[in-house]
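Me: I'm new to reading protein structures, and I'd like a close look at one part and its surroundings. Could you walk me through it in a friendly way?

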Amino acid sequence: MEKVPLLGKTLEEVQVLVRGLGMPAFTAKQIVSWLYDKKVTSIDEMTNLSLKNRELLKEHYEVGASAPVHEMRSVDGTVKYLFRTPEGDFIESVYIPDNDRATLCVSSQVGCKMNCLFCMTGKQGYTNSLTATQILNQIYSIPERDTLTNVVFMGMGEPFDNLDAVLKALTILTSDYGYAWSPKRITVSTVGLRKGMERFLEESDCHLAVSLHSPFPAQRRELMPAEKAFSIMEMLEILRRYDFSKQRRLSFEYIVFKGVNDSMIYAKELVKILRGLDCRVNLIRFHAIPGVDLEGTDMDSMLAFRDYLTQHGVFATIRASRGEDIFAACGMLSTAKQQAEKKQTEN
């Protein structure tokens, strides 16, 4: 019989399962403490549970943590981890150290339905959505887990297309019984799915990052097909209803492509459409991917773009490129691994 993972369960869910097994109610808090505070890898390590209760628990459940199957380390300290799902697919996480910060970029799906022109994960197509177990395992099972200061949901997949699992993971990360993190340590990125975004804003206090990439709807549609279903203008209308001046931060991700969206026309339009919103714009250098005729712009153009935004009231930063020597673009390592395994099978 396949055992059910404990990792990814909320306190309430653990309370239900211990009741179902006839175990004392207080054991639920002990179990979640072993999981999210002490981060054990086996039920045998839960030593304040009686031997009888540990054996009973082991009949039906397991911790459910699984180590990365591959890793690539960059000269700049960035580490890309590859995890295998129970179905045999691959997902990526990226550990990014930066002075006193250590950020982990996690995935929420295997592949992605959004099919953005510039994204390698989108080229894979969509295979599956991750469970809360698989999302949290990316944090739980890396050697650097106790040094993390921030987590960003900017890896493979569209988080709002898998919102139930993402919200459950966020609940565990921010609950007193779980990781007890401040929501300010977590950012969730989206291309802009209306229902998901509204629900996220109501049910979570974590930061929101919106993939923008062009202020002109017609061009954004060419880069990001999701624009057809939910336009950037509609999105901005909804975002204006919320207060981002306090703890929660709103940011817009803007990959700068040479000769595509890097001129002052775009900077001026960004200032126009973002006027009145308490937000920041993160300018990102493009990492080339196979089969896509797009190039990253030069640093002088990025600096001029940033300076124009800042001078006109839109706080903007240039995100440092990391891990360029280790399949920097999201989805490249998992794609390479899938292709290698496919080739091996065929041979």
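Reply: Happy to help; here is a walk through helix α9 and then the nonpolar cores. Keep in mind that this is a predicted model.

Let's begin with α9, which covers residues 232-239. Five of its residues are named as buried: Ile232, Met235, Leu236, Ile238 and Leu239. If you look down the axis of α9, these buried residues fall within an arc of 160 degrees, so they line one face of the helix.

What lies over them? The cover for the buried residues of α9 includes three helices, α7 (194-203), α8 (217-223) and α10 (264-274), along with the strands β11 (207-211) and β12 (250-256).

One of the α9 residues, Leu239, brings us to the wider picture. The largest nonpolar core has 88 residues, and Leu239 is among those with the most contacts inside it, together with Met46, Leu57 and Phe252. Helix α6 (residues 163-174) gives this core its largest share, eight residues. As a general point, nonpolar side chains in soluble globular proteins tend to be buried together.

Now pick out Met46 from that group. Leaving aside residues up to four places away in sequence, Met46 touches Leu6, Ile31, Trp34, Leu35, Val40, Arg54, Leu57 and Val63. Leu57 thus appears twice: as a contact of Met46 and as one of the residues with the most contacts in the core.

There is also a second, separate core, this one of 16 residues, including Phe118, Ile255, Phe257 and Ile289.

How values were computed
Residues are numbered from 1 along each chain as its sequence is written. This is a predicted model: local features need pLDDT of at least 70, side-chain atom pairs count only at pLDDT 80 or more; totals for chains, interfaces and linings use all residues. Side-chain values use heavy atoms; hydrogens and water are left out. Buried means under 20% relative accessible area, exposed over 50%, partly exposed in between (1.4 Å probe, protein chains only). Helices (H or I, at least four residues) and strands (E, at least two) are DSSP runs, numbered from the N terminus. The arc is that of the directions from the helix axis to the C-beta atoms. Contact means heavy atoms within 4.5 Å. A nonpolar core is a set of buried Ala, Val, Leu, Ile, Met, Phe, Trp, Tyr and Cys residues joined through side-chain atoms within 4.5 Å.
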